[in-house]
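Reader: I would like to go through the reasoning behind the labels used for this entry, taking the cysteines and then the ligand. Please show me the structure before we begin.

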Amino acid sequence: MVCLGNICRSPLAEGIMQHKIDQRGLNWTIDSAGTGSWHVGERPDPRSIAIAQKYGVDISHQRARQFQGKDLQAFDLVFAMDSSNYNNIRRLATNPTEEDKVSMIMNMVQPGYNESVPDPYYDDQGFERVYQMLDRACDAILDRYA
Ligand code: 4NP
């Protein structure tokens with residue numbers, strides 16, 4: 001799960017997905033990262049921690065890290081939150097197999113729409129919507145791959 005800072009959107013995506021796979025007893029490895037390095041080592045944004053807590057998902061243990069090219073080898077699927085993240089990740093791919101692992105997460109809900117999960121960093125009210133979008137996307141990922 002990849003966004004820009006790895007403090008708002010992708011920690012929520014990681015936490016929601018981890019919660020769902022725990023509930024189902026699936027043996028998947030979920031992680032998140034940011035394309036940028038500004039927030040490396042930080043906890044998720046308090047607004048993300050709070051909205052997750054509201055739905056019974058604890059993301060407070062997460063720490064931000066920067067996405068690396070080797071993540072494209074380590075993971076089978078890489079979900080970008082927006083088109084900028086998508087382009088930045090794809091640029092790190094060294095072959096078509098790695099490129100094909102990358103997609104925009106909301107395309108799991110509406111294929112081909114290339115809808116972005118809006119960056120809520122400057123929008124306190126945006127976190128609820130982001131949570132709901134990611135909750136739907138994670139259900140769609142499970143429907144497709146579980
Ligand atoms: P995120 O949100 O990509 O969802 O983690 C952002 C967090 C921080 C910044 C931008 C987006 N920033 O510019 O510091």
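Reader: How many disulfides does the count come to?

Author: In this predicted model, the count of disulfides comes to zero.

Reader: How do you know that C3 is not bonded to the closest cysteine sulfur?

Author: A disulfide requires two cysteine sulfur atoms within 2.5 Å. The closest cysteine sulfur to that of C3 belongs to C8 and lies 7.0 Å away, which is too far, so C3 has no such bond. Taken from the side of C8, the closest cysteine sulfur is that of C3, again at 7.0 Å and therefore too far for a bond.

Reader: Why is C3 called buried, and why is C8 called buried?

Author: The term applies under 20% relative accessible area. C3 has a relative accessibility of 2%, so C3 counts as buried, and C8, with a relative accessible area of 6%, is therefore buried as well.

Reader: Which residues are around the ligand?

Author: The residues around the ligand include both C3 and C8, together with L4, G5, N6, I7, R9, H39, D119 and Y121. This shell divides into five nonpolar, three polar and two charged residues.

Reader: What makes the approach of D119 to the ligand a polar contact?

Author: The cut-off for a pair of N or O atoms is 3.5 Å, and an N or O atom in the side chain of D119 is 3.3 Å from an oxygen atom of the ligand, within that limit. A backbone N or O atom of I7 lies 3.0 Å from a ligand oxygen, and one of C8 lies 2.9 Å from a ligand oxygen. Of the 350 Å² that the ligand exposes when taken alone, the protein buries 89%.

Methods: Residues are numbered from 1 along each chain as its sequence is written. This is a predicted model: local features need pLDDT of at least 70, side-chain atom pairs count only at pLDDT 80 or more; totals for chains, interfaces and linings use all residues. Side-chain values use heavy atoms; hydrogens and water are left out. Buried means under 20% relative accessible area, exposed over 50%, partly exposed in between (1.4 Å probe, protein chains only). A residue is near a molecule or strand if one of its heavy atoms lies within 4 Å of it. A polar contact is a pair of N or O atoms within 3.5 Å; within protein, one must be able to donate a hydrogen and the other to accept it, and residues adjacent in sequence count only if both atoms are side-chain atoms. Accessible areas come from the Shrake-Rupley method with a 1.4 Å probe; for residues, only the protein chains shown count as cover. Ala, Val, Leu, Ile, Met, Phe, Trp, Tyr, Cys and Pro count as nonpolar, Asp, Glu, Lys and Arg as charged, and the others, Gly among them, as polar.
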